[in-house]
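Reader: I have a model on my screen and some labels I would like to see justified. Please take me through the reasoning behind them.

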Amino acid sequence: MRQILHSKIIGEGKPICILHGFLGMSDNWKTLGSQYANEGMQVHLIDQRNHGKSFHADTFNYDILAEDLKNYLEHHGIEQTILIGHSMGGKTVMQFACSYPNMTRKIIVADIAPKFYPPHHQTIIDGLNIVSTEGLTSRKEVDANLAKHIPEIGIRQFLLKNLYWEEKGKLGFRFNLKVLKNKMEEIGENISNSDSYNGPTLFLRGDKSEYVMPNDSPIIKSYFPNAVIETIDNAGHWLHAENPKQFFSKSVLFINQ
């Protein structure tokens, strides 16, 4: 029996699916999701496997993540959709569009390119691994322990959104740390498909981010010949959170074209 990804669905209209990044969850997109819904869209905020409230599994690569999305769409009776993906979610969206072009109307890829990225989340993973949430009775305690390993308050706040009560008196993280720790190479892998997607494609990059650089244009165009690459001002890798107004205006313009 196929396992179906967890999601929150808001609004009515043409379907649009949004996929979060590594260690994120669908809730990260709640505010922007509501704005898309107000524009007459049915917004699917999706938790990818080993994240949020979706199922945990040992297998984790972009072919599998794209298949999860295909199973999700079939389960919900969606024949074709617009897709937005950030970072790891952007890789899933790219893989899906190349593997299942007939199910894809348009894609928006947020601050990631179709190329290999060396593992660079090790400090965060190590910090999370050292911080045992067992016996910690408040978010404040977990934050204080995380701060010893991850000084950036913004990153800690992002991670702490994943905290929940596993049972009375026991906090845990929603993401599957054990599997994700062992799949760090897979997170940085390029999409595996040698095919291309010829549909409408928008790449949005943060002007302060180094994830998508000007010399990435040829490789982007090799997979997505009709890709348009635009820059979000005053934003790093979390461009949708750092400049949501511009992210929304550029993405909605593209969606409605």
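What follows is a short exchange on a sheet, a pocket and a cavity in this predicted model.

Reader: What makes β1 and β9 edge strands?

Author: Start with the order. The open sheet has 7 strands, arranged β1-β3-β2-β4-β5-β8-β9. β1 (7-10) and β9 (227-232) each pair on one side only. That is what earns them the name of edge strands. Pairing in this sheet is mixed. Neighbouring strands are turned by 20° against each other on average, with direction ignored.

Reader: How do you know that β2 and β4 pair, and in which sense?

Author: Two strands pair if there are at least two bridges between them. Strand β2 (residues 14-19) and strand β4 (residues 81-86) have 4 bridges. They therefore count as a pair, and the sense is parallel. To find the place on your screen, look for Cys17, which stands opposite Leu83 in β4.

Reader: Which strands do α1 and α2 lie across?

Author: α1 lies across β1, β2, β3 (41-46) and β4. Its angle to β3 is about 160°. Helix α2 (residues 62-75) also lies across β1, β2, β3 and β4. α2 runs at about 135° to β3.

Reader: Why is one space called a pocket and another a cavity?

Author: The test is escape. In a cavity a 1.4 Å probe fits but cannot get out, whereas a pocket is an open set, so the two get separate names. The largest pocket holds about 440 Å³ of space. Of its 25 lining residues, Asn28, Phe158, Trp238, His240 and Ala241 are the closest to its centre. α1 (30-38), α6 (153-160) and α10 (239-242) each give two or more residues to that lining. The largest share, 4 residues, comes from α6.

Reader: How many cavities reach the 30 Å³ cut-off?

Author: The count is 1 cavity of 30 Å³ or more. The largest cavity has about 100 Å³ of space. It is lined by 14 residues, and nearest its centre lie Ile112, His120, His121, Ile187 and Gly188. α3 (88-99) and α8 (184-188) each supply at least two lining residues. α8 gives the most, with 3 residues.

Reader: What classes of residue make up each lining?

Author: The lining of the largest pocket has 11 nonpolar, 12 polar and 2 charged residues. For the largest cavity the split is 9 nonpolar, 4 polar and 1 charged. Mind the rule for glycine. Gly counts as polar, so Gly188, at the largest cavity, falls in the polar class.

Definitions and conventions:
Residues are numbered from 1 along each chain as its sequence is written. This is a predicted model: local features need pLDDT of at least 70, side-chain atom pairs count only at pLDDT 80 or more; totals for chains, interfaces and linings use all residues. Side-chain values use heavy atoms; hydrogens and water are left out. On a 1 Å grid over the protein atoms alone, a cavity is a set of points where a 1.4 Å probe fits but cannot get out, and a pocket is an open set with protein on both sides within 12 Å along at least five of seven lines; lining residues have an atom within 4 Å of a point. Grid points are joined across faces, edges and corners, and a volume is the space filled by probe spheres set on the points. Axes are lines fitted to C-alpha atoms, for helices over the stretch in contact, and angles run from 0 to 180 degrees between N-to-C directions. Contact means heavy atoms within 4.5 Å.
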